[in-house]
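Hi,

Here is the structure I promised to pass on to you. Have a look at it first, and then read my notes below.

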Amino acid sequence: MAAVMESSSHRWTTIVITCASSWLREGVQEECQRLSKGGLLPPHDNLLVVEDPQPHTYTTGQPKGPLTGVGSGGATINAILVAVERLSAQRHHTTIESEVIGESRVLVVHLGRVLAHSPGGTVMLCVNPALSCIPHHACPTPPTLLQHAIWITTKLSEATRAGVWVTSLDSFIPASPCLVAPCTAGIDGAMVVTVEAPLDHASLHGVVLAQKGGYISDIKYRMPLEKLNSIFKEGVGQVISGVVFLSVDLTERLLSLHTHPPLDRCTYYGTDSGIPPLQVSLYFDLLLPLCDGVVYDEYVRGECSASYNKASSYTPTSYQESCAARMQIWSQLSGLRATIHHLEGIQHHYLCSSSSFNLSVMPLLPKASISFRDAGDDNLNSDVITVNGYIQGTIKSKEGRNLIIDSWIGSEVSLMSEGSCVLFGLQLCDLGCSINEGFPGGCVWQEHPTGGQYGVVTCHGVTDVLTATHCNPTASVFNTKWSDFFIRTAIQREDLWPDIVDEDQSVLTANLFPSDITVKQQMELISLLVRTVSGLQPQEKWLSKLQEWRHFHRVSLLSIATKCDMKKLIRAQEAIYMQTVKKFLMDTANDMKGRSLLPVFSYIVTRSGEQVREVVSTLHELLHETRPSTSRLLANVADVLGCLAADQGGLRSGPAANPQWRNALRHLKNGNQRQAVEMMLDICQKWMKSGNAEDLIRAARHYERASQIIISQQVETAGKHVWWWEKEKRVGGGVVRKGVWVEAECPARLDLAGGWSDTPPICYEQGGAVLNVAIKVKKKKPISARVRIIPEMHIVCILRDWCGGEVRLTWTETDHLRDYDNPVAPGALVKAVLLYCRVVEIDTHDSLTSQLQHRYGGGLEVEVWSRLPQGSGLGGSSLVAGSLVAAVVVFLGYPPPSHTTLIHATLCIEQWLTTGGGWQDQVGGLIGGVKLGMSHQGTPVTVSSYRIPLSQFFLEALNAHLILLYTGKVRLARNLLQTVIRNWYARNPTITSCFSQLQQLGVKAAGAVLEEDLKSLGSCIDSYWSLKKMVASGCEPSKVTALMASLRTHCHGMSLAGAGGGGYMYALKTKPEPLADSIQLGGLTCDDVEVDEAGLEVRVGGELVAGVQDKEEILTKEKWMKLCNEIQD
């Protein structure tokens, strides 16, 4: 499900969560802080957890009258009061100002009834991500029902500017593409959200009866099935979903009720005044007066939906108070109406302890392992599902599969089940426990943390209806009839319910579970009990333990569920989560790709410093060994530090040569990885202790620099394909004679599809495929480089630009060349080429003068120039490097290097230069015509090129249809490249998918050229531009957007060249004729462009030199099909 947009219009002013008791409030408060601080909830200004004025408690042996709690309506009024009080205070009002509702979006979440089916109840219940509305970024931990309820109500509220939305955890609305946010602008009252339900299901719940036009006539609770059939002819009724919208006017009127006795008893005002609470229903007290078909007298007397209100059980006093309250409600809400909003095609799910686990909870649980899966462990079978489970011991099932949620099974634990079981919250990490005889399948095992020394272990059957009394013939315990239970165990009713009246004697209230012995003892004793009840164990063994069981202090499932220590529960889940994170990091340490960990890191940094230090230490331990994923692991550390800085320390891109880090980075560069990593961890921990966000970002930059060093080392494996000084013999007796120019000329290149996939590390971790074409601009090859010997004993470097400007540099010492790895140093590219080609050396005692004299008998003059503007996007800098390498190699007396040598040499030189570029520029310009360049996963980095033969007809058509415009805007790709690599290693799903599509598109576009289909090629170019914009957001300036819009109907496809953001734009016209004068080009003119089929050319003294030819690969249809299949695999 798509993430809810986080614009200001979807931001909650206040989220209020109501709960029924103080013990629950403290735990829920901690859970909400975890979710809020971790960024796992929709944007909000305030998050409040409010205890109901007097919580509803399960009382036994007493009448269940209306005075046992404030009800959903009272809780709603109280929540509104608390929210408005908070907002009034924040606006510096001294009294409650109801007007703040008119400019606020408030969400009220009722936790609802106690759900004994899982530890922590509905708040902590994990839900299936496939059913959830929670966006990806908010799910670093397994999604919970509380999260889902808030996110899906946020989705429903997207069209709401102001008002109150109310939802409850008693019901679950699944995510659906059909979910449409209603427009609430015209609502003057309430909007009740309904879902479809079969009539037999509807007869158990609240049904909404609506008129034409959507106005509600009545809301009925537990309507007889015969009546439902007479109303809903199609067999489907409209059932209350648990979600309601309250308009600003209605909310203000509900707020005013707290000043009118006896309704003041619904709020904490009443509690603080020492008076008992008054129970009010949201649907059957507050909303019924808004229904057109409700009669005043019947409403006041409590005869509307009497089966809900149980009016007959009221005492005379409580009856009078309820009538008085309804009179006030009717009076205050008069004139407002309720409307229905039906969620088409969606059915909700109701959660309660009065339904079996199979029906109530099981349908919502995850169907597969989520978060960090332990399925690779030998001690787990393939049918085990883990959800935030850390499994060190052995868990096996003879049949079916076990679902393990929020549990830590220690290395000395061995469990065997006869069939499928659910394990919730078992903390068996530090004890030995062996149940190898096999506990029965179909059971739910829970451990509930308490304030005592031990947690309490409970168990019930998945088919047990927890509230069904043992007298009910269909009632069961551990999936077995109660009559069989009593016979097989010799347990007496008095053992289980010493103080409970008959009508409340059920699984829920039975004192079955010892609470004052160790968890290991509890597990073993309860397992023995369940095996005996199920007939898997002879009675004798249990009977020998019966008196011991009776001696223990025992508790019921209900009592322990209502006393669960939520804070302990959350901490236990956090401890398990951290173990699964660390285990995942270790298990995937050698993966070249891995999964997105940014959401995990973003979450962990909000928890505790200790957890952050654990993750950082784990990553450094993994970095002690050289791995294929070393660069990714270093980037992971940088991401942790970046998350810890929380956007407060400046930009991630920046300098990374701090003296404190210099030695560590030097060791890394020299191959001493373990020593380097230990030094880096020591510095990192010191900088982390400062707590300064700037220090964290600066540290992150140095880890990214370390990652770049490793990437460079991987890319330099491409040097395996560079061999002229080892395998080629010099011609003509050595270097070219003094004064003779050796010059190389090269066309520019246009990337037609697949660019970015050639960028390290993507090109060797995923593989890359780029289709490009060599071009002349304004009838000329725009790139040139030349070199000659001069009499003076130094090196002269002349840099010429496209405007005719010239920079002249003179280098007389080897130290002048040492900044070759600083790309902004004057002449850095020329220095890197001279050093890479071994023209001179800097790691020697020989001076530059002596080297020049000894090797060449004179100095050197090197000139490089590009007739392209800086940041043109046509591959200028890489092609200058490639051209200069070719000229230098010939100057040294070797034959002209092959394309393969030049491509890989240029790739290595750019790593020396630290610009980190890919290989597509040199493939595109050094080789003439149209060609497909490819690299595959793994090292050494190897680039292959496939020349695509063009017929004369298609070549002419391509030249006639291709246009080139200079936008006048410049964008350099260096920091952009850092951002892209950062996103790649963060495993951003959008980015990783985009790179995969780029690779496939490069091959697809090559097929269009093979077919000589300009229209298909144009479509590929359009798709390519869309993908480029995903890789580098903001790369389309507004000027370019307008230009593309004016050309859209006249072109098959268009794109900015290179990384985008400026430079040249190219397009394939639909017609060969020049563009009409009426087309608005924003004052730009088209530069002449044509395909250059020759590629790089080298001349000595003006004479063309025949090059060393590669064994040219021609792309045929068969080869193309093979390449398609390879990248799909």
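**What I found: cavities first**

The second largest cavity is lined by S118, P119, M124, L125, C126, I405, D406, F424, G425, L569 and Q573. A cavity here is a set of points, on a 1 Å grid over the protein atoms alone, where a 1.4 Å probe fits but cannot get out, and lining residues have an atom within 4 Å of a point. This lining splits into seven nonpolar residues, three polar and one charged. (Nonpolar covers Ala, Val, Leu, Ile, Met, Phe, Trp, Tyr, Cys and Pro; charged covers Asp, Glu, Lys and Arg; the others, Gly among them, are polar.) Its volume is about 70 Å³, where a volume is the space filled by probe spheres set on the points, and grid points are joined across faces, edges and corners.

Before you go on: this is a predicted model, so local features need pLDDT of at least 70 and side-chain atom pairs count only at pLDDT 80 or more, while totals for chains, interfaces and linings use all residues. Residues are numbered from 1 along each chain as its sequence is written, and side-chain values use heavy atoms, with hydrogens and water left out.

How many cavities of 30 Å³ or more are there in the whole structure? The search finds five. The largest has a volume of about 140 Å³. It is lined by 13 residues, and R34, T141, N388, D406 and Q573 are the closest to its centre. Two elements, α1 (22-37) and α18 (566-587), each give two or more residues to this lining; helices are DSSP runs (H or I, at least four residues) and strands likewise (E, at least two), numbered from the N terminus. The largest share, four residues, comes from α18. By type, the lining has five nonpolar, four polar and four charged residues.

**A look at N479**

N479 sits in the loop between β23 (476-477) and β24 (480-481). Is it buried or exposed? N479 counts as partly exposed because its relative accessibility is 29% (buried is under 20%, exposed over 50%, partly exposed in between, with a 1.4 Å probe and protein chains only). The N479 side chain makes a polar contact of 2.6 Å with the side chain of T463, and one of its polar atoms lies 3.2 Å from the backbone nitrogen of V462. (A polar contact is a pair of N or O atoms within 3.5 Å; within protein, one must be able to donate a hydrogen and the other to accept it, and residues adjacent in sequence count only if both atoms are side-chain atoms.)

Cheers

Methods:
On a 1 Å grid over the protein atoms alone, a cavity is a set of points where a 1.4 Å probe fits but cannot get out, and a pocket is an open set with protein on both sides within 12 Å along at least five of seven lines; lining residues have an atom within 4 Å of a point.
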